[in-house]
Amino acid sequence: MACWWKNGIVYQIYPRSFQDSNGDGIGDIPGIISRLDYLRDLGVDAVWLSPIFQSPMADFGYDISDYRAIDPVFGSLADFDRLLAEAHARGIRVLLDGVFNHTSEKHPWFLESASSRSNPKRDWYLWNPGIKGKPPSNWMAVFGGRVWEKHPATGEYYMHAFLKEQPDLNWHNPEVRKAVFGEMKFWLDRGVDGFRLDVVNYYLKDAELRNNPFTMGEYPRPYDLQSHVYDRDRPEMHALLRELRTMIDTYPDRMTVGEVMVDKPGNPELSASYLGAGDELHLAFDFTVFWRKWNAESFREAIGRYYSGIHEKAWPVITFSNHDKPRAIDRYQNGPETVYRARAAAVLLLTLRGTPFIYYGEEIGLRQGKIPRKRIVDPLGVKYWPVNPGRDGERTPMQWTGETHAGFSTVEPWLPVNRDHQRVNAQGESQDPHSLLSLYKKIISIRRDRPALHSGSFRELPAPKGVFAFLRDAPGAHSELSEEASPEPVKGCAVFVNFTSAAVRCSLSEPGVWKGVFSTHTGKGEGKVEAGIILQPDEAVILERNP
Ligand code: NOJ
Ligand code: CA
């Protein structure tokens, strides 16, 4: 493969919820190691681990107090080194979650910075005396309240975009850049393959701390009533990302994937902008489709905008779920059609142009958990329930078996296991050729064998209303993809996805040259295709051109 992070598939693990190995109800690193064969058999090329570093867990690891230490709840550094070696032995790369917009308030850098106004690290965070006893700007925190927290000991405010336990680093300070790059190098030198960068678009704030203008946002949080022009997405970000890219690229084959956190209804052009001309982030998430309904026109528009914002030397990401938003299967649910939509979504995820990110459990149809109020632990849910139930529902334990606790743990886990685990679990699905898990494995192997699907170009195909259809052409035919010209003849693939609940007839522009390679509807899909195809409700098919 020309480039693993462009052509491969990444699988996100939320470590607390993947596999518990020591009976404390919390997933850990030895647990992940015990499931590496499952991931290899699924066919993924890399895993991204949500944070496993030492943390007071105010935000379940997104508040780090030592970037170089593994939190004991997950294991030890020796466990991590073993995970890295075992993953690499199976051809699986490992990405860590770099949470560098902020640290924990317990991080020694912050403790020093907070110790006095004259401390040499004072300027490593954003401190301000305020104006006439009031905070210096109107900025609001994502998790509630203002970003400015009064610090009685030194009489100044410090800034936190999330919880007050997560003070923001001052990325304008060159010492901070050097220190954070140093923490990254610690892991790169150990053999880690790259980083997912938490809220990378928040790193730099307006140096003059200007007030954000008011806007009519879509959520009930005060944060959503501001247009975030001064507390994130600053134009200076691009130079900073080029600096970061230069450092990362001194290590061969490593990468970054940035989380670009924006507000509903999404901003694909902005996400795309952080790729620069292929010289900023290696990859950047765009979450616009997270806010789209199951609708062909809406998907086409979101994907089209994202693709057209991406420089020809840069590469997209396709993802439908993560640990911060309700799972795609539930967002798209529609009674008995739900399972078919999940199958069609898998086709989109794995055949659209871009690196697919699968969220753990997505491949078995893990549903959004229904968390009783007294079990809610996510700070967002604790604060905003019932208007916003928080993110626990998308973080419930992986369902490995139909046993009590779903094979995840021997004790009651930190979040409840979904009630459907006797039906929805990896063990049962691996034995059923018609399961969602078998479908993922099949499409992944189809994709692996076809350069058009993992590295080809993208062109929309004409299709009736309610159908999203596109052509993936093989590399070699396109200059921007000629890094490694394919020795095989050009073989394009066409993908048709019916988003509607009715059968739809689609005609093909070049009748006679296509053959079916896959359909989400079992018993269909292979063989020669004539002038047209009839798609069943929520059916997705992959065709291949036979030159
Ligand atoms: C984005 C992460 O994905 C989310 O889980 C976290 O709470 C915030 N950043 C703060 O780090
Ligand atoms: Ca454990």
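Me: Where is Ala406 found?

Reply: Look in the loop between H12 and H13, and you will find Ala406 there. Keep in mind as we go that this is a predicted model.

Me: What is phi of Ala406 near, and what kind of residue is this?

Reply: Phi of Ala406 is positive, near 55°, and the residue is something other than glycine.

Me: Is Ala406 buried or exposed?

Reply: The general idea is to read the relative accessible area: under 20% means buried. Ala406 has 0% relative accessibility, so this residue counts as buried.

Me: Which residue has a positive phi of about 65°?

Reply: That is Met57, which is not a glycine either. Find Met57 in the loop between strand E3 (53-54) and strand E4 (66-70).

Me: Why does Met57 count as buried?

Reply: Use the cut-off again: buried means under 20%. Met57 counts as buried because its relative accessible area is 17%.

Me: Now for peptide bonds. Which residues does a cis peptide bond with omega of about 0° join?

Reply: Omega is the angle to read here. The bond you ask about joins Trp385 and Pro386. Pro386 is found in the loop between H12 and helix H13 (426-430). Another cis peptide bond, with omega of about 10°, joins Lys264 and Pro265. Pro265 sits in the loop between strand E10 (255-258) and helix H8 (268-273).

Me: Let's zoom out. Which domains does the domain assignment give?

Reply: The assignment splits the protein into domain 1 (4-102 + 174-442), domain 2 (108-159) and domain 3 (456-546). Notice that domain 1 is written as two stretches of sequence.

Me: How far apart are the C-alpha centres of domain 1 and domain 2, and how many residues does the contact take from each?

Reply: The C-alpha centres of these two domains lie 29 Å apart. Domain 1 puts 26 residues into the contact, and domain 2 puts in 17 residues.

Me: How much area do domain 1 and domain 2 bury between them?

Reply: About 1800 Å², with 68% of that area on carbon and sulfur atoms. For the polar side of the story, look at atom pairs across the boundary. Six residue pairs are in polar contact across the interface of domain 1 and domain 2 (both at pLDDT 80 or more), while the count of salt bridges between these domains is zero.

Me: Which helix gives the most to the side of domain 1 that touches domain 2?

Reply: Helix H6 does, with five residues. Both H6 (174-190) and helix H12 (379-384) supply at least two residues each to that side. By type, the residues on this side of domain 1 are 12 nonpolar, four polar and 10 charged.

Conventions
Residues are numbered from 1 along each chain as its sequence is written. Chains are lettered from A and ligands numbered from 1 in the order in which they are written. This is a predicted model: local features need pLDDT of at least 70, side-chain atom pairs count only at pLDDT 80 or more; totals for chains, interfaces and linings use all residues. Side-chain values use heavy atoms; hydrogens and water are left out. Domain bounds come from an automatic or database domain assignment. Contact means heavy atoms within 4.5 Å. Buried area is the accessible area (1.4 Å probe) that two parts lose on being put together, summed over both. A salt bridge is a side-chain nitrogen of Lys or Arg within 4 Å of a carboxyl oxygen of Asp or Glu. A polar contact is a pair of N or O atoms within 3.5 Å; within protein, one must be able to donate a hydrogen and the other to accept it, and residues adjacent in sequence count only if both atoms are side-chain atoms. Helices (H or I, at least four residues) and strands (E, at least two) are DSSP runs, numbered from the N terminus. Ala, Val, Leu, Ile, Met, Phe, Trp, Tyr, Cys and Pro count as nonpolar, Asp, Glu, Lys and Arg as charged, and the others, Gly among them, as polar. Buried means under 20% relative accessible area, exposed over 50%, partly exposed in between (1.4 Å probe, protein chains only).
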